[in-house]
Structure formats: structure tokens, C-alpha cells
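Student: I am new to this structure and would like to go through it one point at a time. Can we start once it is shown?

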Amino acid sequence: MVFGTFFGILCSTSMNTALPQLMTVFNVTEAQVQWITNGYMLVNALMIPVSAYLIRRFSFRHLFILATTIFLLGTALGAIGTQFFVVIIARMVQAVGAGMMMPLVNVLAIRYAQPDKKGAIMGIIGLAFNFSPIIGPTVSGVILDYLSWRYLFIVIIPFIIITLIASIAILPNIAHNELPTFDTRGFILISIGLWSLLMGLSSISSANFLSWRVSGLIVLGLVFVVLFYLSQRRQAQPLINLHVFNHQQFVVATTINTLITATMYGNAILLPLLIQTIQHRSALVSGLVILPGAILTGTLSRLSGRLYDRLNVRILVFTGLAIDCTGTLLQALIGTNSTPIVLAIFQTVRQLGLVTMLIPLQTHALGLLPYNMVPDGVATFNTIRQVAASFGTALIVAVVANVNQHWSGAGYLGIEAGFIVCLTLLLISLVVARHLSKQKSLNVTT
């Protein structure tokens with residue numbers, strides 16, 4: 001399941017390096033091309049709360065096989081697509097499958113791991129959740145330097161076929177005795193709300209802020225999110241059980257994770273834009289700049305999980321944020337005029353900070369929830385994570401585009417502004433982190 005989820009999440013950022021090439025191939029703007037990434041993450045986010053219902057209704061085995069099949073179909077469609085809208089649809093089909101995979105592996109780990117082993121097991125899962133989106137741009141950079149963007153889909157297909165065969169042969173059936181009802185109204189409300197918000201944010205770079213395309217859609221999105229919130233409070237079997245927000249540590253850890261995820265995905269857009277569009281270097285160079293930090297993340301993921309089993313989560317998060325802030329500050333002040341080697345060093349510093357705290361935050365948020373609320377907690381945590389990734393990307397692109405519009409010809413300034421936005425979000429995280437407790441995960445089943 002970790003193997004399959006790894007490739008599902010890999011696709012969330014593997015297309016980032018290809019965005020400049022796709023703009024040229026399909027003759028689209030920055031605001032349009034970002035839907036290759038944002039469309040994926042939005043659909044992915046919407047599928048995660050649906051999975052909370054599916055996990056209660058069907059077996060892990062059947063769900064994972066279905067998710068893998070859907071992901072394979074989306075990948076195949078992307079490999080043969082010849083129109084821009086077909087590629088976007090393919091990405092969204094991929095996102096349906098990946099959005100079902102992610103909660104399944106998390107729920108299994110949180111529900112069935114012993115309390116003193118949860119950090120270690122979540123560290124293994126962290127290879128999929130935190131290493132794959134970072135290594136994605138590197139993998140795509142190597143591919144794009146020698147082959148076309150189409151191979152970003154083609155090379156994934158054999159691995160997904162292996163995952164499908166292995167899941168059919170290996171995954172056991174875990175008995176289910178629940179028959180929940182699906183909250184259709186809630187799903188429609190949150191779908192409209194998130195779509196409107198993302199469309200509004202994505203249009204900031206190409207429309208007047210007070211226009212319907214920006215402010216109108218943002219307000220509409222907020223209205224539907226509020227309506228969704230009210231409907232969930234009255235629903236006997238809600239799409240997302242909002243009672244998870246009654247647990248303070250879940251709220252604190254999720255808030256911090258939301259902010260740093262927005263910076264992580266925003267940064268994944270900034271570096272390819274800087275290296276390829278501003279510095280006019282190849283996609284391979286763009287990928288290699290990210291490689292050392294990605295390797296560090298993969299190497300330390302398990303260690304950071306084990307550290308959570310032994311150390312106070314506050315220590316890990318404050319340490320990680322301090323390191324991340326340092327790397328981001330260096331990127332903002334020096335990075336835009338730096339060589340690829342210097343950029344790689346700054347990015348590696350950032351990744352050291354991220355890997356120190358991402359897995360402990362996730363384990364802390366979910367591990368303190370009551371056993372019966374774990375599926376809702378996993379769905380809520382991952383939904384917010386994906387929404388943060390989408391909105392973070394949209395916000396960063398909007399900032400870069402607006403700064404570049406006002407200071408024509410000074411592309412570096414837009415990138416610097418993007419890094420400063422990331423730094424600001426990290427500083428807010430430092431303030432929120434003061435409310436983290438020292439309590440360890442307790443829930444477990446026998």
C-alpha cells in the first residue's frame with residue numbers, strides 16, 4: 001500500500017517541472033497551466049473525505065484495488081492525451097485514485113499499530129507522503145531533459161500495474177460491519193465551495209481583484225464552506241465528523257501542518273519557475289537542484305518517526321521550523337541570483353526542517369483521537385493538507401504574477417516575493433506551535 005501510494009502522491013508534483021514546457025506545447029498561460037497541478041490536488045482533496053465513508057462501507061482490500069485501477073486508467077489517459085483539457089481530465093482521474101489510497105494506508109497504521117510503534121510506522125508511510133512529492137520534480141526533470149512530457153505518465157504505468165497485481169495477490173480482507181449513509185448534500189456543498197475558492201485564487205494573476213472572477217468566486221466559496229460547516233453539524237452521519245475539531249491538539253497540529261504544506265508545495269512551483277523561466281536552465285538542472293533535499297527527506301523519514309516515539313513533539317516542531325525558516329530566508333535574500341549548487345544547498349536546509357516535523361505532526365494529530373474517530377481524523381487531516389497544497393500553489397503563483405506585472409522585466413522580484421510569502425507562513429506556524437502539548441499517542445486496537 002505504501003508502494004502504490006508513493007506513486008500516487010509522486011504525481012502531485014512530478015508535473016511541476018513540466019509546467020514551462022506545457023505552457024509552450026499547448027500555448028497556455030501561467031494561470032491556465034497551474035490547473036495541471038491544482039486540478040489534481042483539488043479532486044484529490046475532495047476524494048479524501050469521501051474515503052472516510054468508503055472505509056466504513058467497504059473492505060480495505062477492495063477499496064485499494066479499486067483506487068489503484070482508477071489511478072492506472074487516469075495515467076493511461078494522460079499518456080495518450082493530445083489536448084490540454086484531456087491532460088487536465090487525466091490528472092483529475094489520477095487524483096480520484098490517489099485520493100482513495102492516501103487515507104487507507106493512514107487509517108491502517110493509526111488503528112492497528114501499538115502506541116510505542118506508531119511513530120516508526122508513520123515514518124515508513126512518510127516515505128510516500130513526504131518524500132514522493134519532493135522527489136517528483138527531480139524525476140520529471142531527468143525525464144524531460146531526454147523525453148517529452150508524455151513520458152511523465154508512461155513511466156508510472158508499469159509500477160501501478162505491479163501495485164495492482166500485488167494488491168490482488170497479497171492484501172487480506174478485514175471484516176466490516178458498518179452500513180453508513182453517504183452525505184450527498186455535504187459533498188455537493190464542499191465541492192462547490194472548494195472549487196470556487198480555488199478558481200478565485202487562481203484568477204488573481206489574470207483579473208482585477210474586485211471582479212467576479214476573483215472576489216466574487218472567493219466570497220461564493222466561503223459562503224458554501226460555511227453552509228457545509230452548518231450542514232455537517234446537523235447531519236447524523238456527516239461527510240466529515242467535525243467533532244474532531246473538539247480535540248485541541250488535533251486542531252493545533254493540523255493548523256501547523258496546513259501552513260507548512262502550503263509553503264512546501266508553493267516552493268515546488270517557485271524553484272522550477274526560477275531555474276527554467278528566469279535563469280533559462282534545463283529541466284534536468286531544475287530537478288537536480290531538488291534532488292539532495294529529496295534524498296535527505298527519504299533518508300530521515302523513518303528516523304523522524306522514531307524520534308517522535310522518544311522526544312517531545314514541541315522540540316521536534318520548533319527545531320524543524322527554525323531550520324525551515326533559515327532555509328527559506330536564504331532563498332528569499334540570496335537564492336534568486338544564485339548558482340544551482342547554492343540553490344540546492346538552501347533547498348536541502350529547507351527539507352531538513354520539513355522532515356524533522358511533518359511526520360511527528362501527523363502522528364500527534366491523529367494519535368490522540370478516540371479510536372472510532374480515526375477515519376474522520378485521517379480524512380479531515382489529509383483533506384486540509386491537500387487544500388493547503390492547492391491554495392498555497394495558487395497563492396504563490398498569484399503573488400509571483402502580480403509582482404512581475406507591476407515591475408515588468410524584473411522576474412526575480414516575483415520569485416523573491418513568493419519566498420517571502422512562504423517565510424511569513426512559517427513564522428505564523430512558530431506562533432501556533434506554542435500550543436502543542438507533550439502528550440503521546442494513546443489509541444490502539446487489538
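Student: Is K117 buried, partly exposed or exposed?

Tutor: This is a predicted model, and the values here are computed from it. The relative accessibility of K117 is 48%. Buried means under 20% and exposed means over 50%, with partly exposed in between. Because 48% falls in the middle class, K117 is partly exposed.

Student: Where in the chain is K117, and which residues gather with K117 in a patch of positive charge?

Tutor: K117 sits in the loop between α6 (84–112) and α7 (118–146). The patch of positive charge is on the surface, and K117 shares it with R302, R306 and R310.

Student: Which helix holds Y229, and is Y229 buried, partly exposed or exposed?

Tutor: Residues 212–234 form helix α11, and Y229 is found there. Its relative accessibility is 40%. Since partly exposed covers the range between 20% and 50%, Y229 of helix α11 counts as partly exposed.

Student: What is the area of the nonpolar surface patch that includes Y229?

Tutor: Y229 makes this patch together with V219, V223, V226, L227 and L230. The area of the nonpolar patch is about 490 Å².

Student: What separation is there between the centres of domain 1 and domain 2?

Tutor: The chain is divided into domain 1 (1–172), domain 2 (194–238) and domain 3 (240–438). Taken over C-alpha atoms, the centres of domain 1 and domain 2 are separated by 25 Å.

Student: What is the phi of N27, and is N27 buried or exposed?

Tutor: N27 lies in the loop between α2 (19–26) and α3 (30–33). N27 is not a glycine, yet its phi is positive, at about 55 degrees. The relative accessibility of N27 is 70%, so N27 counts as exposed.

Student: Where is H280, and what is its phi?

Tutor: H280 is in the loop between α12 (248–278) and α13 (283–310). H280 counts as exposed because its relative accessibility is 66%. H280 is a residue other than glycine with a positive phi, near 55 degrees.

Student: Is M122 buried or exposed?

Tutor: M122 lies in helix α7. Its relative accessible area is 2%, and the cut-off for a buried residue is under 20%. Therefore M122 is buried.

Student: How many Å apart in space are M122 and T363?

Tutor: In sequence, M122 and T363 are 241 residues apart. In space, C-alpha to C-alpha, the distance between M122 and T363 is 6.8 Å.

Definitions and conventions
Residues numbered from 1 in each chain as written. Predicted model: local features only at pLDDT ≥ 70, side-chain atom pairs only at ≥ 80, totals over all residues. Heavy atoms only, no water. Patch = residues over 30% accessible without salt bridge, like charges linked within 9 Å, V, L, I, M, F, W, Y side chains within 5 Å. Areas by Shrake-Rupley, 256 points an atom, 1.4 Å probe, with all protein chains shown as cover. Salt bridge = Lys/Arg side-chain N within 4 Å of Asp/Glu carboxyl O. Lys, Arg positive; Asp, Glu negative; His and termini not counted. Charge placed at Lys NZ, Arg CZ, Asp CG, Glu CD. Helix = DSSP H or I, 4+ residues; strand = E, 2+ residues; numbered from the N terminus. Buried < 20%, exposed > 50% of the residue type's maximum accessible area, 1.4 Å probe, protein only. Domains from an automatic or database assignment.
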